[in-house]
Structure formats: C-alpha cells, structure tokens
There are 2 protein chains.
Amino acid sequence: MNYFSHKKLKEFCIDTLVHEGIAEPIAEDVASCLIETSLRGVDSHGIRLLPHYIRVVRSGRINKKPNIKFNQNSKTNGVLDADNTFGHAAASIAVKEAIKMSEEFGSGFVVVKNSTHNSANAYYGLQAARKDMIGISATHSTSMMVSTRGKKPFFGTNALTFAFPCKDEEPICLDMATTQLAWNKVLRAKAKGEILDAPWAIDGHGEVTDNPELAQGLVPAGLHKGYGLAMVVEVLCALLAGGPYGPHLTPMFEKLSEKRHISHFVGAINISNFIDINIFKESLNNMISELRNSDSIDPNLPVLVAGDPEKISEKIRTKEGIPLDEEVFSDFNSTITDHSLMQQFKSCFI
Amino acid sequence: MNYFSHKKLKEFCIDTLVHEGIAEPIAEDVASCLIETSLRGVDSHGIRLLPHYIRVVRSGRINKKPNIKFNQNSKTNGVLDADNTFGHAAASIAVKEAIKMSEEFGSGFVVVKNSTHNSANAYYGLQAARKDMIGISATHSTSMMVSTRGKKPFFGTNALTFAFPCKDEEPICLDMATTQLAWNKVLRAKAKGEILDAPWAIDGHGEVTDNPELAQGLVPAGLHKGYGLAMVVEVLCALLAGGPYGPHLTPMFEKLSEKRHISHFVGAINISNFIDINIFKESLNNMISELRNSDSIDPNLPVLVAGDPEKISEKIRTKEGIPLDEEVFSDFNSTITDHSLMQQFKSCFI
C-alpha cells in the first residue's frame with residue numbers, strides 16, 4: 001500500500017483531466033470531490049475512480065465542451081442541464097444555486113439532468129451544511145437493488161444525504177445508500193473467496209444469499225423500507241428531471257460511449273428562519289455528545305453518530321496520506337500513458 | 001370483530017371531542033386524520049387512539065383553548081406554535097401553510113413546536129401531494145430505538161414520509177418508521193405468547209432478541225442506516241423547533257398530565273417548477289406499473305410499491321367498514337361515560 005499527499009494528488013487529478021481536454025473549472029470540481037471523498041475514507045467513490053473517468057472522457061460519454069444551462073423556474077426551484085459534463089461539476093453548480101436561493105428565500109432545490117456519475121453524494125449536501133443550511137442531496141444509480149418480493153434489480157443503490165451544521169466540528173452528515181450492502185463488498189468477497197457477513201445479496205431466483213458467486217443484486221436496507229426510499233430517490237432525481245429511471249439507466253461500467261442521462265437532486269433549507277443558528281448548532285452538539293457518551297455494548301466500540309467514521313478517516317489521512325493499493329496503482333499506470341503525468345503521479349507518494 | 005361506518009365514526013369522533021371541550025375545527029382535524037388512517041389499515045394510529053386522546057384532554061396534557069400562532073419568517077419557512085393543541089390540527093394547519101408557500105414561491109417548510117401526538121405521519125405528506133406537490137412530513141416520538149452499538153433507546157420510532165402525486169390513483173406514499181418493527185407488534189406477540197418473526201427487538205443488555213418478554217427497545221431499520229435516519233428526523237423536528245429531543249421527550253403513555261412539547265416538520269415542493277406536472281404523473285404511473293408487473297418470487301405475492309397495502313385496505317374498508325376488536329370496544333366503553341355518546345358509537349355499527 002502506498003500513501004499519497006492529498007494536496008499533490010488533487011493537483012495531479014486536475015492536470016490529468018485537463019490533459020484529456022476537460023476545462024479547468026470542471027476538472028477542479030471533480031478533483032475536489034474525489035480527494036475529499038478519499039480523505040473521508042470512502043475509497044469506492046474516491047480517487048480510485050479517476051482511471052474510469054479518463055476512460056469515459058476518451059469513449060465520448062463525457063462531453064468535453066458542455067453547454068451547462070441553469071433555468072431558475074421559481075424563487076426556489078430550478079433545473080440544471082449538465083449537457084453530459086462530469087456529475088461532480090454539475091451537482092456542485094446546482095448546490096451553489098440552491099444555497100443562493102435558500103439564503104434569499106429560505107429554501108432552494110435544483111434538479112440536475114443529462115448528468116453523469118457524481119461520486120460521493122455526501123459531497124453536495126455537505127456544501128450546503130457548511131453554509132449553515134440543511135443540506136440535502138440524492139442521486140440514482142445503476143440498477144442493482146432487488147425490489148421487495150421481486151426477483152430482479154430495478155432501482156440502484158440510490159443514495160440519500162442529509163447534512164446539518166454543528167458547533168465545533170464539521171457538519172453531521174448521514175450519507176446512505178438504500179441497499180444494506182455496497183456492491184463493492186460483494187466484489188471484494190468474491191475476489192478473496194470469502195462469504196458475505198450476512199445474506200444481503202440476492203441470487204438469480206430472488207432469494208437472499210451470502211455467497212458472492214451467486215449474487216446478482218442487493219437487498220434493500222431495512223427490507224421494504226429501503227426499497228421505498230430508493231423509489232423516493234428515483235422520483236426526486238429521474239422523474240423530476242424527465243430522465244431514464246431504474247433499469248432504463250445505462251449501467252456505469254457498461255457501454256462506455258453511451259450517454260447515461262443520469263439525474264441528481266440537491267437542496268438547501270435555511271435553518272436560521274426556524275431558530276437562531278447558534279442555538280441550533282449548540283443543541284446538535286449537545287445531542288451528539290449525549291449519543292457518543294451513551295453506554296455501548298462493547299466498551300471498545302463506542303456509539304457513533306452519522307459521519308463519525310468519515311471524520312476519523314479524514315483526520316488520519318490528511319496527515320498520513322491517502323492509501324492506494326496495487327490494483328488501483330496499476331489501473332492508473334495502464335490508463336495514463338503520458339510519461340510526465342505518471343512522473344507527477346509518482347511524486348505524490350509520501 | 002365489529003365493523004363501523006367510517007362516515008358515522010367520524011361524526012362520532014368529532015362529537016366526542018367537542019363534548020370534552022375541544023373546538024370543532026380542531027376536533028374535525030383529529031377525526032379526519034384518525035378515520036383516514038383507520039381506512040388505510042394503519043390501526044395502531046387510527047380511531048383506536050380516541051380513548052387515549054380523551055384521557056389526555058381530561059388530564060390536561062391537551063390545551064382546550066390553544067393560542068395557535070404561525071410565524072412566517074421568510075418566503076418559504078415558518079414556525080407554528082401549537083400551544084399544546086392536538087398534533088393533528090397543528091400539523092394540518094402547518095401543511096396548509098407549506099402548500100401555500102410552495103404554490104407561490106416553489107417550496108414551503110413549517111416546523112411545529114409545542115405539539116402533541118399527531119397520529120399517522122403519512123396524513124400530512126399526502127395532503128401536499130394531493131395538491132400536486134412533493135409532500136414531506138416527519139415527526140419524532142417516544143424514545144424506543146436502541147442506537148447502533150448502544151445498550152439503550154435514544155431516538156423514537158421517528159417517522160418519515162415522502163408523497164408524490166400520480167396519474168389515475170391516490171399519491172404514491174412512503175410512510176416509514178425508522179425502526180424495523182413497530183412496538184405494537186412486540187406488544188401483540190407478548191399478549192399472544194408468540195415470538196417475534198425475527199430478532200428486531202433489543203433486550204436490557206443491548207442484544208437483539210426475538211423474545212417479546214425481554215424486549216426493551218427496537219432495532220433501527222437497516223441497522224445503522226435507520227439509526228441515522230432517526231437522527232435526521234429528530235433534527236428536522238426537535239432541533240429546528242428548539243424542543244426536547246430523544247429520551248428527553250415525555251413518553252406518550254406516561255405522565256398524562258405533562259405537556260410533551262413534541263415537534264413535527266412538514267414541507268411541500270412544487271413539482272411543476274421542474275417538469276410539466278402531467279408528464280411527471282404519467283412517468284410515475286409508468287414506473288409503478290413496471291414495478292407492479294415485474295416478476296415476483298411467489299406469484300401470489302406481487303411486487304408492491306410504497307402505499308399499496310394502504311390503498312388496498314382503504315378500498316375494502318370504505319365499503320365494508322372499519323373493524324374494531326373487543327379490546328378497543330371496551331376501551332371506548334370505559335372511557336366514554338356519556339350515555340348518548342355511547343348510543344351514537346353503537347349506531348356506527350354496520
């Protein structure tokens with residue numbers, strides 16, 4: 001395992017995307033999102049995705065010269081047409097518009113259409129929470145969740161985030177996929193020849209299984225409840241955007257030259273119109289302190305609140321660097337053919 | 001089991017509350033909510049609660065002469081002080097204000113403070129969806145969910161609703177408690193001497209159990225995910241309202257003379273500012289048709305979408321009546337001492 005300086009890695013990520021013909025402001029949004037996500041320990045959605053992103057630029061899925069348009073259709077609602085740019089840039093612009101509306105009118109919601117993968121959904125909700133708003137973000141994704149009672153996947157692992165500003169620390173952030181397990185964990189178990197911790201995957205007959213070899217889909221988190229939440233995310237994203245939904249969405253890692261027309265939903269609600277923002281932050285601080293100090297079953301495993309594991313990771317990795325394993329390293333190596341860029345990549349080692 | 005006419009039962013509910021000194025418009029809101037909830041098959045939150053509500057009027061928890069105040073603090077945010085009236089009335093007024101803001105400015109959110117139990121959370125989100133809005137409602141409740149890794153309950157079964165208007169049928173409505181199981185199911189299993197379907201209750205040591213005799217709390221739906229969602233509901237309700245949170249909230253069935261200062265959150269977002277409302281409704285109709293027609297494991301158990309069981313119940317009960325068992329009947333009998341009211345109750349039999 002090699003460890004990389006997050007600052008240098010971010011510069012490298014920007015330079016690599018610019019080298020592929022992506023405009024610098026868009027490359028910056030992608031890099032900011034990927035590095036923050038890697039620092040927060042969410043490796044599946046972090047910098048390891050860069051080689052994939054390079055491939056979808058080269059294959060034409062990503063539009064290098066997008067005409068990004070924002071239509072604000074009321075004081076607090078708007079639609080952003082991403083024109084097939086990187087979802088990170090589109091959703092970042094969208095959340096800025098939502099914050100602006102929320103500052104002026106109390107709330108703001110933007111639907112992003114004709115977008116692409118936008119990495120960790122938390123990144124967008126967090127931006128609003130850092131501006132003292134309730135941050136909300138949602139994105140649908142590759143069909144993967146087997147509907148309750150059903151045999152086959154319909155919705156994706158559809159992600160939903162709520163983030164709230166807190167006194168003396170980064171926002172409290174619930175960022176959840178609506179499946180109980182991430183598909184990555186199935187793939188990892190398969191690669192290692194292990195069985196899953198619990199029967200949270202679905203085989204070809206719609207039955208639960210802990211055998212990753214048989215897995216063809218995922219169980220919703222909380223059974224029918226997660227299935228319902230995935231539908232909520234699908235409606236907020238695909239249906240409000242008028243885009244493809246569920247199994248009609250092109251899978252992320254298939255047909256790389258096809259546009260996906262993926263949709264996102266972001267929102268901001270102004271807390272200070274309900275309660276003094278300092279009182280709110282202090283109450284939240286008090287509540288999470290009570291939770292963290294409450295009796296745990298195992299004294300070595302304290303009660304956490306949403307986002308705690310990511311905060312712990314961020315602290316460590318900011319200091320010690322972002323780890324990338326051999327597999328990811330070789331993916332970079334085989335994708336980035338420019339010699340000076342690979343030199344730059346290697347200079348990011350700590 | 002006796003079956004009651006929902007129309008007559010509603011009149012009876014209003015008359016009973018008015019007899020206890022409740023103003024008629026408030027009694028109407030309570031009755032509308034309870035009857036709709038019973039028709040939808042959610043018996044735990046339906047008309048069976050009326051005797052409890054009568055007790056909390058008599059004990060002084062419910063303020064018979066409330067000074068309900070709404071402060072709109074921005075174009076799209078407001079706080080409603082319920083002054084300890086029935087939560088059903090307070091949340092109904094709040095959602096009307098949210099819809100009004102949403103019609104004019106695109107969104108509207110109202111926090112309700114100093115409230116009381118408001119029965120089924122779905123009732124409020126549905127009102128917004130029937131006006132072609134995205135309806136959102138949330139309420140916190142009696143501390144009951146054992147935090148992930150923790151030993152004791154902190155949050156309640158905190159409920160979250162999203163509702164969307166649909167072509168040719170009532171809105172699609174996800175109404176979920178954030179625990180996997182309802183406490184009522186634990187009580188029912190206990191009364192019948194049965195074990196629970198799965199280990200979704202928590203004993204006094206924080207360990208999961210399927211023995212209702214040992215149950216002292218409930219497992220979050222989707223484990224840490226439901227625990228996170230319960231926190232989101234708690235923040236949207238108690239923290240935005242500046243009210244008591246988690247274990248600081250007086251339990252529903254204890255200290256009946258104490259005010260609870262419970263909080264709710266309701267919202268409406270105007271769909272037509274994102275997409276033509278008819279296109280939206282048609283897409284939703286298409287999507288749920290695909291889901292309902294998708295292959296199910298057991299051909300006798302088709303794939304459903306959120307709210308389908310409630311719609312099926314509503315259709316049957318509107319025709320055949322609302323069933324009330326002996327236990328509920330005797331609770332009515334012992335609480336309602338007025339002879340003519342009990343005569344009226346009996347005349348609701350079908």
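**Exercise 1.** In this predicted model, determine how many residues of chain B are in contact with chain A, and how many of chain A with chain B. Then state which element of chain B supplies the largest share of the side that touches chain A, and how that side divides by residue class.

*Solution.*
1. Count the contacts, taking C-beta atoms within 7 Å as the criterion. The result is 59 residues of chain B in contact with 59 residues of chain A.
2. Assign the chain B residues to elements. At least two residues each come from the strands β3 (77-81), β4 (107-115), β8 (159-166), β9 (169-177) and β13 (262-270), and from the helices α7 (224-241) and α8 (277-292).
3. Rank the contributions. With nine residues, α7(B) has the largest share of the side of chain B that touches chain A.
4. Sort by class. This side of chain B holds 33 nonpolar, 20 polar and six charged residues.

**Exercise 2.** Give the domain assignment of chain A, find how far apart the C-alpha centres of the two domains lie, and describe the side of domain 1 that touches domain 2.

*Solution.*
1. Read the bounds. In chain A, the assignment gives domain 1 as 1-58 + 314-350 and domain 2 as 65-179 + 220-306.
2. Take the separation of the C-alpha centres of these domains of chain A, which is 23 Å.
3. Count the residues in the contact: twelve are from domain 1 of chain A and nine from domain 2 of chain A.
4. Locate the domain 1 residues. Helices α2 (24-39) and α3 (50-58) of chain A each supply at least two, and α2(A) gives the most, seven residues.
5. Sort by class. The side of domain 1 of chain A that touches domain 2 has seven nonpolar, two polar and three charged residues.

Key
Residues numbered from 1 in each chain as written. Chains lettered and ligands numbered in written order. Predicted model: local features only at pLDDT ≥ 70, side-chain atom pairs only at ≥ 80, totals over all residues. Contact = placed C-beta atoms within 7 Å. Helix = DSSP H or I, 4+ residues; strand = E, 2+ residues; numbered from the N terminus. Nonpolar A, V, L, I, M, F, W, Y, C, P; charged D, E, K, R; others polar. Domains from an automatic or database assignment.
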